[in-house]
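Q: Please take a close look at the sheet in this protein, with the parts of the chain that surround it. How is it put together, and what do the residues around it do in the model?

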Amino acid sequence: MKVSKARLREAVARVAEDLITDGPLTTYPVVGLKEINRMFGYASNTAYQMRSRGVLPESSPISNNPVWKLVTLYEFAERTNREIFWDPWGVCAPSGETLASAEDAAAE
């Protein structure tokens, strides 16, 4: 699946709105190692090993745990041609749909 830039822009706007609205988050801007494993369909310790080897993009610490902005991971997937199995923001073009048609539909 390819990341639709139009859908990604819409998701970022939703996250920004969620961050400035009072109450609990409904759309999360960052994920940890477990979510990376889920996102890419990895075994339970794969993301940890990839981080140790320097394969994953640089993380930021929150309460001494590494986290990644989802935007960074979508870009990482595109740059390294990794398939996304779990799309937390719903920004990937559905199977069989071209990236251009996904962006056209999102723009309407």
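A: The protein chain holds five helices and three strands, where helices (H or I, at least four residues) and strands (E, at least two) are DSSP runs, numbered from the N terminus. This is a predicted model, in which local features need pLDDT of at least 70 and side-chain atom pairs count only at pLDDT 80 or more, while totals for chains, interfaces and linings use all residues. Residues are numbered from 1 along each chain as its sequence is written, and side-chain values use heavy atoms, with hydrogens and water left out.

Read from the N terminus, the order of elements is α-β-α-α-β-β-α-α. Of the 108 residues, 34% count as buried; buried means under 20% relative accessible area, exposed over 50%, and partly exposed in between (1.4 Å probe, protein chains only). The chain exposes about 6,800 Å², and carbon and sulfur atoms supply 52% of that area. Accessible areas come from the Shrake-Rupley method with a 1.4 Å probe, and for residues only the protein chains shown count as cover. Among the contacts with a separation of 6 or more, 62% join residues 24 or more positions apart, a contact being heavy atoms within 4.5 Å.

Now the sheet itself. The three strands form an open sheet in the order β1-β3-β2, with antiparallel pairing. The edge strands are β1 (30-31) and β2 (60-62), and each pairs on one side only. Two strands pair if DSSP finds at least two bridges between them. In general, strands of a sheet pair through backbone hydrogen bonds, either parallel or antiparallel.

On one side, two bridges join β1 to β3 (residues 65-69), and these strands run antiparallel. Val31 stands opposite Trp68 of β3. On the other side, β2 and β3 pair over three bridges, also in the antiparallel sense. Here the bridge partner of Ser60 is Val67 in β3.

The link between β2 and β3 is a hairpin with two residues between the strands. Ser63 lies in this loop, and so does Asn64. Phi is near 50 degrees for Ser63, which is not a glycine, and near 65 degrees for Asn64, also a residue other than glycine. Both values are positive. For comparison, most residues other than glycine have a negative phi, and most peptide bonds are trans. Ser63 counts as exposed because its relative accessibility is 65%. Asn64 is exposed as well, with a relative accessible area of 76%.

Next come the helices. Helix α4 (residues 70-80) lies across β1 and β3 and runs at about 70 degrees to β3. Axes are lines fitted to C-alpha atoms, for helices over the stretch in contact, and angles run from 0 to 180 degrees between N-to-C directions. Thr80 belongs to α4 and is partly exposed, because its relative accessibility is 27%. The side chain of Thr80 reaches the backbone oxygen of Phe76 at 2.6 Å. This is a polar contact, that is, a pair of N or O atoms within 3.5 Å; within protein, one must be able to donate a hydrogen and the other to accept it, and residues adjacent in sequence count only if both atoms are side-chain atoms.

Helix α1 (residues 5-20) comes before β1 in the chain. Its 16 residues reach 23 Å from the first C-alpha to the last, close to the 22 Å expected at 1.5 Å a residue; the expected span is 1.5 Å times one less than the number of residues. Buried residues of α1 are Ala6, Arg7, Leu8, Ala11, Val15 and Asp18. Arg14, also in α1, is partly exposed, with a relative accessible area of 42%. The side chain of Arg14 reaches the backbone oxygen of Trp89 at 3.2 Å.

The loop between α1 and β1 contains Thr27. Thr27 is buried, because its relative accessible area is 16%. Leaving out residues up to four places away in sequence, Thr27 touches Val15, Asp18 and Trp89. Arg14 and Thr27 are 13 residues apart in sequence, and their C-alpha atoms are 7.4 Å apart in space. Trp89 therefore appears twice in this region: its backbone oxygen is reached by the side chain of Arg14, and Trp89 is among the residues touched by Thr27.
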